[in-house]
Structures are given as C-alpha cells and as structure tokens.
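Dear colleague,

I am passing on the structure we spoke about, together with a summary of what was found in it. Please read the notes below with the model open beside them.

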Amino acid sequence: GLVASKFRNGGQTCVSANRVLVASEVLRPFTDKLCDRVAKLKVGHGLDEGVTVGPLINADAVRKVAAQVEDAKTKGATV
C-alpha cells in the first residue's frame, strides 16, 4: 500500500511515491486511514526494536525533509 511505498527506507528509494491522487469522494476516509497508519510508524535508530523508520541518508536529505516540514507548516499543518 501507500505507507509501504512512501516510507520504505525512509522514503529514500527511487521508487517511493511522491504524489498521490485521491478521488474527492474518498478523500476524508483515505486521509483518516493514512494518518492512523503513519501515526503508528516509529522513528528512531534503525537497529532499535520496533523502529520502522530509520535515519536519513545524508545532510542533504535532512535539509530536504526540514524544508518540506516548514512548507507544510506554512500551509496549515501541525507537527
């Protein structure tokens, strides 16, 4: 599914999903389900028990994600 595609290897694989098109009539249930699943992901050291999302690959990846978070916050997201 989408969570596996997007978050595999921290979303850093060349085949990770970048955009998702969702029909408006299913947007709310899709978004609710996606948020529930993403909330269950555990970020941490890749070798720690239960961690599902490990570190980013390099400093450029960290900057990219930080910029995406800031962009999302300016558009109303909460972190």
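A helix here is a DSSP run of H or I of at least four residues, a strand is a run of E of at least two, and both are numbered from the N terminus. In those terms the protein, which is a predicted model, reads α-α-α along its sequence, with three helices and zero strands making up its secondary structure. The C-alpha atoms fill a box of roughly 40 × 30 × 25 Å when taken along the principal axes, and of the 79 residues 8% count as buried.

The pocket

The largest pocket holds about 1600 Å³ of space. Its lining is made up of 36 residues, and those that lie nearest the centre of the pocket are Lys6, Phe7, Val65, Gln68 and Val69. Each of the helices α1 (2-7), α2 (27-39) and α3 (59-74) supplies at least two residues of this lining, while the largest share, eight residues, comes from α3. Sorted by class, the lining consists of 23 nonpolar, eight polar and five charged residues.

The nonpolar patch

On the surface, Leu56, Val62, Val65, Val69 and Val79 together make a nonpolar patch of about 410 Å². Two of these names have already come up, since Val65 and Val69 are also among the residues nearest the centre of the largest pocket. Val62, which is found in helix α3, has a relative accessible area of 46% and is therefore classed as partly exposed, given that this class covers values between the 20% limit for buried and the 50% limit for exposed residues. The cut-off for joining a patch is over 30% relative accessible area, and the 46% of Val62 can be read against that value.

The salt bridges

Side chains of opposite charge can pair when their charged atoms come close. The structure holds four salt bridges, and I describe some of them here.

In helix α2, the side chains of Arg28 and Asp32 meet in a salt bridge with an N to O distance of 3.2 Å. Both residues lie in that helix, four residues apart, which is about one turn of the helix. Arg28 counts as exposed at 56% relative accessibility, whereas Asp32, with a relative accessible area of 36%, is partly exposed.

In helix α3, a salt bridge joins the side chains of Asp60 and Arg63, at 2.4 Å from N to O; the two residues are three apart in the helix, again about one turn. Arg63 has a relative accessible area of 53% and is exposed.

Helix α3 also contains Lys73 and Glu70, and because these two residues are three apart in the helix, they are separated by about one helical turn. They form a salt bridge in which the closest N and O atoms are 3.3 Å apart. Lys73 counts as partly exposed at 39% relative accessibility, and Glu70 is partly exposed as well, with a relative accessible area of 43%.

When you go through the model, helix α3 may be a convenient place to begin, since it gives the largest share of the pocket lining, contains Val62 of the nonpolar patch, and holds both Asp60 and Arg63 as well as Lys73 and Glu70.

With best wishes

Technical notes:
Residues numbered from 1 in each chain as written. Predicted model: local features only at pLDDT ≥ 70, side-chain atom pairs only at ≥ 80, totals over all residues. Heavy atoms only, no water. 1 Å grid on protein atoms, 1.4 Å probe; cavity = no way out; pocket = protein on both sides within 12 Å on 5 of 7 lines; lining within 4 Å. Points joined across faces, edges and corners; volume = space filled by probe spheres on them. Nonpolar A, V, L, I, M, F, W, Y, C, P; charged D, E, K, R; others polar. Patch = residues over 30% accessible without salt bridge, like charges linked within 9 Å, V, L, I, M, F, W, Y side chains within 5 Å. Areas by Shrake-Rupley, 256 points an atom, 1.4 Å probe, with all protein chains shown as cover. Buried < 20%, exposed > 50% of the residue type's maximum accessible area, 1.4 Å probe, protein only.
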